[in-house]
Amino acid sequence: MIRRVLHVVTLCAATALVAFTFLPLVQTEWWAVRLLDFPRLHWAISLVVVGVGLLLFPPTARWLTGLVLAAILLALTVNVAILWPYRPDGAGHVEACPADRRLSVLIANVQLGNPNATGLVETVRNADPDLFLAMETDAWWDGALDPLRERMPNVLKRITGSYYGIELYSRLPLVNGEIRHLAKRDTPAIVTGVTMRTGETVDFVGLHPKPPLPWQSSLGRDAELYAAAGILNERVEPGILAGDLNATPWEIAVERMRRLSGLVDPRRGYGYVATWNAGSSWLRWPLDQIFHEGGFETVSIERLDAFGSDHFPYLARLCRRTDASIDPVSH
């Protein structure tokens with residue numbers, strides 16, 4: 001009797017996991033469905049576990065068990081196919097880059113209310129990036145990050161008094177920097193040029209759309225992503241888009257954003273690199289993103305140590321490609 005109950009429970013769990021795999025493929029803006037796209041790795045692992053579990057039961061209701069096992073195999077294939085580009089095979093990355101053509105970008109959602117500013121300041125100093133984007137800052141965090149001005153004197157920021165304060169610290173000169181509200185949302189974004197050591201200017205867009213709420217629509221967040229892509233697409237200089245996008249890199253809206261502006265994801269060929277949730281050892285996926293246009297190549301990406309926030313800091317080291325190596329259609 002107990003084995004039969006366990007068998008039924010396992011069949012139900014398998015059916016749910018299959019549904020969770022396929023539902024996000026439906027074109028919908030309902031966050032309750034979009035959220036199911038985040039834990040693709042977890043669905044894949046769980047499908048393997050329940051599939052093995054079904055094989056351990058005696059051969060009762062063979063047709064039903066066989067049907068469910070076939071669905072598990074199909075769902076597992078879908079999840080693996082989606083995650084496959086994020087395997088660490090080293091493709092698409094460069095090892096050598098002249099010092100004057102390097103550009104390092106560090107981003108961190110500080111988590112409003114997190115008191116460990118000292119840990120983050122120390123992390124930034126050790127990483128020594130050219131650009132540091134801090135998100136979810138308030139007046140307290142703004143004061144706590146002030147010591148970074150010693151090495152990174154060029155600052156562009158907007159303190160909102162809410163979860164959407166955003167600040168950019170730069171050791172390189174900023175050109176025509178401004179705060180924009182993309183898609184008429186109350187979440188400020190940073191849009192600026194950055195003068196590299198070679199003297200040329202590249203573009204940078206930093207943003208932090210609102211996080212998902214299951215009973216709301218994802219249209220607002222999606223509109224911000226598309227607007228940010230549109231900014232880069234309008235500009236001639238190669239650009240970088242970075243921030244806590246509250247989206248995984250394989251989500252439909254992010255894929256569409258990347259196609260609109262020709263953005264490259266450094267995680268492809270480098271690894272999964274989960275940046276949320278720092279407070280959990282297993283419930284993690286990549287929500288913080290640093291994308292670049294074809295005028296750059298990736299040297300390395302790195303998740304840095306936790307500092308009390310629910311997000312890990314995320315660091316990308318990029319290389320500005322020489323004119324001779326730039327593909328004119330990659331922009």
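**View 1. D142 is a buried residue in this predicted model.** The relative accessible area of D142 is 17%, and it counts as buried because the cut-off for that class is under 20%. Its salt-bridge partner is K157, with the closest N and O atoms 2.9 Å apart. Look along the chain and you will see that the pair links distant parts of it: D142 sits in helix 6 (residues 139–144), K157 in strand 3 (residues 154–158), and the two are 15 residues apart. On the other side of the bridge, K157 is partly exposed, with a relative accessible area of 31%. So this view brings together a buried acid and a partly exposed base.

**View 2. R40 and D37 meet in a salt bridge.** Here the closest N and O atoms are 2.8 Å apart. Are these two residues buried or exposed? R40 is buried, because its relative accessibility is 0%. D37 is buried as well, at 3% relative accessibility.

**View 3. Six residues join up in a network of salt bridges: R34, D37, R40, R221, D222 and E251.** You have already met D37 and R40, which bridge each other at 2.8 Å. Another pair to pick out in the network is D222 and R221, whose side chains meet in a salt bridge at 2.5 Å, N to O. D222 is buried, and R221 is buried too. If you would like the wider setting, the structure holds 21 salt bridges.

**View 4. The largest pocket holds about 290 Å³ of space.** Which residues lie closest to the centre of this pocket? They are P211, N246, W276, D310 and H311, out of 16 residues that line the largest pocket. Sorted by class, the pocket lining has 9 nonpolar residues, 4 polar ones and 3 charged ones.

**View 5. The largest cavity has a volume of about 60 Å³.** How many cavities of 30 Å³ or more does a search of the whole structure find? The search turns up 1. Around the largest cavity you can find V124, R125, D128, P129, P147, L148, E150, R151, M152 and R171 as its lining. By class, this lining divides into 5 nonpolar residues and 5 charged residues, with no polar ones.

**View 6. L41, I45 and V49 make a nonpolar patch on the surface.** Together these three side chains offer about 250 Å² of accessible area. To find your way, start from L41, which has its place in helix 3 (residues 40–55). L41 counts as partly exposed because its relative accessibility is 32%, which lies between the cut-offs of 20% and 50%. Its chain neighbour R40, seen in View 2, is in contrast buried, at 0% relative accessibility.

**View 7. L17 and L47 come together in space across a stretch of sequence.** The two leucines are 30 residues apart in sequence, while their C-alpha atoms are 6.7 Å apart. L17 belongs to helix 1 (residues 2–22). With a relative accessibility of 9%, L17 counts as buried.

Technical notes. Residues are numbered from 1 along each chain as its sequence is written. This is a predicted model: local features need pLDDT of at least 70, side-chain atom pairs count only at pLDDT 80 or more; totals for chains, interfaces and linings use all residues. Side-chain values use heavy atoms; hydrogens and water are left out. Patches are made of residues with over 30% relative accessible area and no salt bridge: like charges are joined within 9 Å, nonpolar side chains (Val, Leu, Ile, Met, Phe, Trp, Tyr) within 5 Å. Accessible areas come from the Shrake-Rupley method with a 1.4 Å probe; for residues, only the protein chains shown count as cover. A salt bridge is a side-chain nitrogen of Lys or Arg within 4 Å of a carboxyl oxygen of Asp or Glu. Helices (H or I, at least four residues) and strands (E, at least two) are DSSP runs, numbered from the N terminus. Buried means under 20% relative accessible area, exposed over 50%, partly exposed in between (1.4 Å probe, protein chains only). On a 1 Å grid over the protein atoms alone, a cavity is a set of points where a 1.4 Å probe fits but cannot get out, and a pocket is an open set with protein on both sides within 12 Å along at least five of seven lines; lining residues have an atom within 4 Å of a point. Grid points are joined across faces, edges and corners, and a volume is the space filled by probe spheres set on the points. Ala, Val, Leu, Ile, Met, Phe, Trp, Tyr, Cys and Pro count as nonpolar, Asp, Glu, Lys and Arg as charged, and the others, Gly among them, as polar.
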